[in-house]
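Here are some notes for a colleague who is about to look through this model. Each point takes up one local feature and may be read on its own.

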Amino acid sequence: MTAPHDLDRQLQAFLSDGPTELPDPSFDAVRDRIEATHQRVVIGPWRVPILNKLVPVGLAAAAVIVVAVVGAQLLSPTSPGGFGGAPSASPSPTVSSPATVAPTTSSVAWKGLPEGAFVVTTREFLRITLDIASPDWYELPGLDAVTKNDDGLDPPQAVGGAFLARAWPAGTGFQVYGDPCKWLTTIPETLATTPEKIATALSAQASTDATAPMDVTVGGYAGKSVTLHVPMSFEVPGATREEEFADCDQSIFGFYGVEGESEPTRNAQGPGQIDELWILDVNGAIVILDATYDPAAPAELVDELRAFAE
Amino acid sequence: MHTALVNQAKQGDREAFDALARLAGDRCMAIAFRILRDFDHADDAVQSALVTAWREIRALRDPERFEPWLHRILTNACYAEARRRRRWTEAIRLLPTEPGGPDEYLNVEIRDQLERGFQRLTVEQRAVLVFHHYLGLPLPDIAERLGLPLGTVKSRMHHAKRALRAGLEADARTSISQERTA
């Protein structure tokens, strides 16, 4: 018989053998590859430390999202554009780069957002402001999103949710895959460029049990809404996301991509995930508001997510 | 690990990421080799993991957690490499591991038996063994690092050791039987 402690010692000795250095040519190869690789600014795994689980939920007053179109020439830190109602018509002589008003992406500390207006998305052609109406919302830097109750798990075990506010310039073509699991082989020949076409294509996707598109208006801008569901049939208890989606192309369950990108722009984090989308036409630009949550998310959180857009 | 470099890399600084890769690459190679038991496959897995880390680093919330985050990516890269390996090779070749110095717990015969036994484990079981017996991480830390429930880690550890022990004992019985018939 092999005594347990003997096996442990043998394993340690066995595993201590072997290389411990990556060869220099491999480092060089990595460097070459990252030169040709863009960082993904899409929603991937996000994690928020649990700071206070005793968060009173359901206390949010109705939140409001204001989509403010402030042509690049009007964009200024002092411009009130975007906060409540119609776009500002008063150009500022002190034109600033968008970065000066964009949410910082270098903040390390996990600090809850203060209640009030929060600029979640800044582009040359628009800015999106959320009304944070309750505590314990956190920014997802660089992702144009805020999150709450993130417990570090993927769906379907998680209880958190996030609200994404993403924008693309006028004329951007969207690839809405015929099947999110087989996205590589179901890329449509025709790109979708309007909320109606995007929503219709999402609604027709295989595997997502999507709702039919509905007319919506957010911040005065018309569009379509649709809700997507990631099938629970992908669930493998104890498995990682990649393991659960192992049968999908590149182990990714991708909802849609945009022209010029080789991978999905938005993909699922796990089985059971629900995404309520508001797809808007903002003077030609496409804005997709995405309330994404896990099946175990409390109803109060789902209400808060919806309140950002409704 | 070098929070400033991580933050710079999150801002798209390739030089900073290159520096991070050089700091973390050796340990990644050590882990990947021990999971995959093949130098070339481990090399591929590490390169793939580092490129993935560069692409996804903006989604890393806490720069202090870079190394555990990278190790999770690396482990998934090892899984992918193992799957690819299964797909493209009919048989898993044994690795030419360079024998180390004399070890009171490990003679050549036991080492060969462990090598065979290790090869028979699933790559997921091997990963748990490597993180525990090579990196010295406690099981809850492994669960966090690999994104698994603690129960799954315990289960993989239990089944891996049971399979290894059974393999060693079977080898020992075979060896005794051969000696008797000789």
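1. The model is a predicted one, and a convenient place to begin is S251(A), which is found in the loop between helix 4 (241-244) and strand 10 of chain A. The backbone of S251(A) has a positive phi of about 60°, although the residue is not a glycine. Most residues other than glycine have a negative phi. S251(A) counts as partly exposed because it has 18 C-beta neighbours inside 10 Å, whereas 20 or more would be needed for a residue to be called buried.

2. A second positive phi belongs to N283(A), with a value of about 50°, and this residue is not a glycine either. N283(A) lies in the loop between strand 12 (274-282) and strand 13 (285-293) of chain A. With 12 C-beta neighbours inside 10 Å, N283(A) counts as exposed, since the cut-off for that class is 12 or fewer.

3. Strand 10 of chain A, which spans residues 254-258, takes part in an open sheet of three strands whose order is 7-10-11, with antiparallel pairing. Strand 7 (174-176) and strand 11 (266-267) of chain A stand at the edges, and because each has a single partner strand, one side of each is left without a neighbour in the sheet. Strand 10 and strand 11 of chain A run antiparallel and are joined by two bridges; Y256(A) has R266(A), in strand 11, as its bridge partner.

4. Another antiparallel pair in chain A consists of strand 2 (residues 116-122) and strand 3, which are paired over six bridges. These two strands form a hairpin, with four residues between them, and T122(A) has R127(A) of strand 3 as its bridge partner. Strand 3 (residues 127-132) is largely enclosed by the rest of the structure, because five of its six residues are buried.

5. Where do the two chains offer a helix pair to inspect? Helix 2 (residues 24-35) of chain A packs with helix 3 (residues 39-56) of chain B at an angle of about 35°, and their axes are 10 Å apart. The crossing of helix 2 of chain A past helix 3 of chain B is right-handed. On the chain A side the contact is made by S26(A), A29(A), V30(A), R33(A) and I34(A), which meet D43(B), V46(B), Q47(B), L50(B), V51(B) and W54(B) of the chain B helix. Sorted by class, the residues of this contact are seven nonpolar, two polar and two charged.

Methods: Residues numbered from 1 in each chain as written. Chains lettered and ligands numbered in written order. Predicted model: local features only at pLDDT ≥ 70, side-chain atom pairs only at ≥ 80, totals over all residues. Pairing = 2+ DSSP bridges. Axes fitted to C-alpha atoms, helices over the stretch in contact; angles between N-to-C directions. Left-handed = near helix turned anticlockwise from the far one by under 90°. Contact = placed C-beta atoms within 7 Å. Nonpolar A, V, L, I, M, F, W, Y, C, P; charged D, E, K, R; others polar.
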